[in-house]
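Please examine the structure shown below with its aromatic side chains and its sheet in view. The account that follows takes up selected ring pairs and then turns to strand order.

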Amino acid sequence: MDLDEDVNTPTTRLLTLLNVSALKSRKRTRNEDPPAHEKLNKRKTVRLAEDIILDLAPSISHDKTDNGVEDAIEINDNIDLQDTAAPYEQHYGPNTDLASDASRNSVDQRRWTSSREKVGQLSTVFSLRNEDTIPPRKKIAKKTAILERLRSSFEARRSKLPLGQRQFQDDLLSILSAHLDLYHPALSLDDHGSIREVIALHALDHITKKRRRVLKNNERLAHAKATSASLPEDVQDQGFTRPSVLIILPFRSSALAWLNALTTHTPSPAYQIENHSRFLSEYGLPPDAVDKLAIAGPGTYPRDHVETFKGNVDDNFRVGIKLTRKSVKLFADFYGCDLVIASPLGLRMSIEKEKSADFLSSIEILVIDQMNALAMQNWEHVQYVLSNMNNLPKDSHDADFSRIKPWFLDGHSSYLRQSILLSPFEMPEARALFNNTLKNTAGKVRVEKIWPAIQVPDSIDQTFAPFDCASPKDEPDKRFAYFTTQLLPRVLKSAVQSANTVIFIPSSFDFIRVHNYFRKQSSVSFVVLSEYSTNQEISRARQAFFSGQKAFLLISERFHFYRRYKIRGIRNLIFYGPPEHPQFFSELLSFPFLDDGVEASDVVSRVIYSKYDKFRVERIVGTKGVKGLLEGCL
């Protein structure tokens, strides 16, 4: 192979890293005398991509705590590094079969076999490689796969939980411990805390197992050098950089909730949490701040709005967390931490500022929580972060390449990464990510939910208006054409429907398009409420619409997501598309009844939809009702 043909190939980049690392290593050790025993010069061969073989000698990995002393291993841990049957070793071991050419090709060619399986209380869809002969039920790991030190305290804490909640946690833990990808698009507010605690336990278990193997191998190498024995060769136990778990969240308040979940598994006095006061200061509200959502009486705001926006809702943050046997250090350097909690915006700004995403090169567990909120922020930031994960690093960062697992060196770590996606409902963006981006060769599991129909008064004049669309690329234009040439002209001809009318628009791009269209219609009076509206603009628009000065009110879904105002004066509702958040549909239909004397028969609702709105329509009419509505769509 001519390496000059393409300097961006994995092999070329890796060779560059090795050369830089070797130069640094020689500079550090040029004054040290090698041990006399000839066995210490034995070389370890590592096969890289494109059949290039490098010779590497294993050495001690110097990951140190703050006081410069390497972390210790508990004597009673009984870690068997040769236990290849353990779920962790089967998936993340240096010689795992999941990184083979056959496994990767199967995933790349999307040769999946799907089947519906019941995992305890959960209805799931398993997707496994066609060549995978292990039945889905045998894939599920026992909760005893969790280390005893973590599991015993977890079991003690949850002994008072209702049986159903404990069963839910066990079901999730059995999937997670098998290192399968998990997509849960039906997460309720009641279950969110439980699943956070389980995933935090799983992440800590993973980090602990990884660190103990590194430290145990350090001990073996040190003992071999001290006794002039042969160096052990089976010490490939790490990635290019230390961080192995990434949790992506929308707000600082979310990070605080996840830290609380993590620290429930690291209680005092067994663990010391360093910089905890600083974290509470930066990720909570200032001492003199008043959280109106938290102190509001029941029913003042919808519960999901309170849970999402109470606390510190800054969306630009990133923090590294380092774990040792007796401490949890917050605000650790990214290259010296084990776990990163960050927002997509925070990560993107860090990557662009440093011009490097090397700290994401060795992520083995990815968690994306509150995906609905992330979609309301900017989904492109999520895609940007994912595109910068599990790539070969630009710099060696003093990595000991003899200790790096072969599938990291080969650039195949994305096929071993476990991804956990959490959302209260299905979204096309999340399903596309799950179907097309995730490559875990162990397989993936999607939780299913049977959605009930939203109950509305029978007397409301409610119509679902389909439009034909053969391609998702044409969908925005087809929807706009149907709205401007068919639905809106009929509305404008009606004296009743052309006043007191709200047009709710889910997509920001569609909102801008419809807004520009209305601006060109001189005969139509309207006001708008968008996520960019100031408090003064909101007040004026609401008053003008309620008083009848303006006939139409355009509302973006992002505005309602962030503000959740109650709008008075509504008699007619046009949903330019079904709301992404199903509760918005029932909320908007309840607003007309805020005014005195309004009967259900006075309210008209129109919903424009196509077959590509299946997820959103299903959440409104229910799983049973959506099939009939979609049969009329081409």
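In this predicted model, Tyr183 and Phe434 are both buried. Their ring centres lie 5.3 Å apart and their planes meet at 35°. Because an angle under 30 degrees would count as stacked and one over 60 as edge-to-face, the pair is classed as tilted. Tyr183 belongs to strand 5 (residues 181-184), whereas Phe434 belongs to helix 15 (residues 428-437), so the contact between the rings ties together parts of the chain that are 251 residues apart in sequence.

A second pair is formed by Tyr335 and Phe359, whose ring centres are 6.3 Å apart; their planes stand at 90°, so this pair is edge-to-face. Both partners lie in loops: Tyr335 in the one between strand 9 (327-330) and strand 10 (339-342), and Phe359 in the one between helix 12 (344-354) and strand 11 (365-368). The parts tied together here are 24 residues apart in sequence. Tyr335 has a relative accessibility of 30% and therefore counts as partly exposed, while Phe359, with a relative accessible area of 3%, is buried.

These pairs belong to a wider set, for a search of the whole structure finds 24 aromatic pairs. Ring pairs also link Phe480, Tyr517, Phe518, Phe526 and Phe552 into a cluster. One member of that cluster, Phe480, has Arg513 over its face, at 4.4 Å from the ring centre. Elsewhere, the charged end of Arg104 sits over the ring of Tyr415, 6.0 Å from the centre of that ring.

Attention now turns to the sheet. Which strands form it, and in what order? The open sheet consists of 6 strands in the order 14-19-18-15-17-16, with parallel pairing. Strand 14 (461-466) and strand 16 (526-529) each have a single partner strand, so one side of each is left without a neighbour and the two stand at the edges. On average, neighbouring strands of the sheet are turned by 15° against each other, direction ignored.

Within this sheet, strand 15 (residues 501-505) runs parallel to strand 17 (residues 552-556), and 5 bridges join the two. Among the residues involved, Thr501 has Phe552 of strand 17 as its bridge partner. Helix 18 (residues 535-547) packs on the sheet, where it touches strand 15, strand 16 and strand 17. The direction of helix 18 makes about 140° with that of strand 16. Phe552 thus appears in two settings: as the bridge partner of Thr501 and as a member of the aromatic cluster.

Notes: Residues numbered from 1 in each chain as written. Predicted model: local features only at pLDDT ≥ 70, side-chain atom pairs only at ≥ 80, totals over all residues. Heavy atoms only, no water. Pairing = 2+ DSSP bridges. Helix = DSSP H or I, 4+ residues; strand = E, 2+ residues; numbered from the N terminus. Axes fitted to C-alpha atoms, helices over the stretch in contact; angles between N-to-C directions. Contact = heavy atoms within 4.5 Å. Phe/Tyr/Trp six-rings, centres within 6.5 Å; stacked < 30°, edge-to-face > 60°. Buried < 20%, exposed > 50% of the residue type's maximum accessible area, 1.4 Å probe, protein only. Lys NZ or Arg CZ within 6 Å of the ring centre and 35° of its normal.
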